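The following exercises concern a single protein model and its ligand. Please work through each task before reading its solution.

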Amino acid sequence: MNSARSKGSSGSAGLSFQQASELNSRKDLLKEEHVKYVEEHPELKHIMSDFLSQVLLIKPSNICAFARDYFASHMAQEDGARPVILCGPSGVGKGTLVKRLFQDHSDVFGLSVSHTTRAPRDGEEDGVHYHFTDHETMQERIGRGEFIEFAHVHGNIYGTSEQAVRDVSAKGKICILEIDIQGVRKVREASSLNPICIYIAPPSFEILEQRLRDRGTEAEEDLLRRLNNAREEMAWLEEPGNVDVKVINDDLDHAYGTLLDSLREWYPSLEKSMSLNN
Ligand SMILES: Nc1ncnc2c1ncn2[C@@H]1O[C@H](COP(=O)(O)OP(=O)(O)OP(=O)(O)O)[C@@H](O)[C@H]1O
């Protein structure tokens, strides 16, 4: 007994010193691998903490049965978490509505991380603020059709990759995309993202122009260019089959309510998280 206890006191009963140190090295290696895996899969923490919150909230008497139902429905939702595109002419209020969605339901919705060829600024983290890349790689990936939209701005390229959208779904969130009509066409025709496309429409062209003028962010020439584009864009968006739903942004509260109602129809499971937040 005594000798067993004394061997056991090193934590490696019956092992030679060399075996014990090999075992410890393997344990350290395994621990490192586990930490790396968890860091590479932030969705794991999200899924587990979400599950725990639900258990604590509902306090089911049969936790195993609850876990079975929870994960069955959670995973079904993950598979079907189609991204949502908000589209419409410049100045219609897309940004205003998206901002409000995130203020009220940041746990439900997520934004994709864009790629850029510009250098990181102080405090910017790769994979968090942007995916930083170089011109050559970005051009190659654009050529392979990996980006749902991209733009050249001041000598740099910015873009949204399909993978960045899938990463949001993998974290259990619904990806909200605010992209232009060309991006919408591309995503709908040439990708497997299968987005829900919501057209945010102005009550009238005159009101659209007034909003752009009141916003005061564009010089006259740019403003007229945007209005000119808006006519074509709205004509395309009005064509049957090009969008899934149209929300007229008349009164902001009313439009926001209609938008939430539409989202609830596509994502019945949102009802619970939304009512918890209100
Ligand atoms: N329902 C509304 N009633 C009155 N003003 C509104 C309404 N919705 C948005 N606005 C205002 O209209 C202006 C344009 O809105 P916003 O910037 O959100 O448009 P946008 O569609 O995101 O434009 P862009 O595509 O150019 O970024 C803003 O000044 C905003 O405060």
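**Exercise 1.** Determine which residues come nearest to the ligand, and characterise the shell around the ligand by class and by helix.

*Solution.* The model is a predicted one.
Step 1: a residue belongs to the surroundings of the ligand if its C-beta atom, placed from the backbone, lies within 6 Å of the ligand.
Step 2: there are 15 residues around the ligand, and those that come nearest are Ser90, Gly93, Gly95, Thr96 and Leu252.
Step 3: sorted by class, the shell comprises seven polar, five charged and three nonpolar residues.
Step 4: at least two residues of this shell are supplied by each of the helices α5 (94-105), α9 (205-215) and α11 (252-266).

**Exercise 2.** Establish the strand order of the four-stranded open sheet and identify its edge strands.

*Solution.*
Step 1: the order is β4-β3-β6-β5, with mixed pairing.
Step 2: β4 (131-132) and β5 (147-153) pair on one side only, so they are the edge strands.
Step 3: β4 pairs with β3 (residues 115-116) in the parallel sense, over two bridges. Thr116 has Phe132 in β4 as its bridge partner.
Step 4: helix α7 (residues 162-170) lies across β5 and β6 (156-161), and runs at about 45° to β6.

**Exercise 3.** State the secondary structure content, the buried share and the share of contacts between residues 24 or more positions apart.

*Solution.*
Step 1: the protein has twelve helices and nine strands.
Step 2: of its 278 residues, 21% are buried.
Step 3: among contacts with a separation of 6 or more, 64% join residues 24 or more positions apart.

Notes. Residues are numbered from 1 along each chain as its sequence is written. This is a predicted model: local features need pLDDT of at least 70, side-chain atom pairs count only at pLDDT 80 or more; totals for chains, interfaces and linings use all residues. A residue is buried if 20 or more other C-beta atoms lie within 10 Å of its own, exposed if 12 or fewer, and partly exposed in between; C-beta atoms are placed from the backbone. Two residues are in contact if their C-beta atoms, placed from the backbone, lie within 7 Å. Ala, Val, Leu, Ile, Met, Phe, Trp, Tyr, Cys and Pro count as nonpolar, Asp, Glu, Lys and Arg as charged, and the others, Gly among them, as polar. Axes are lines fitted to C-alpha atoms, for helices over the stretch in contact, and angles run from 0 to 180 degrees between N-to-C directions.
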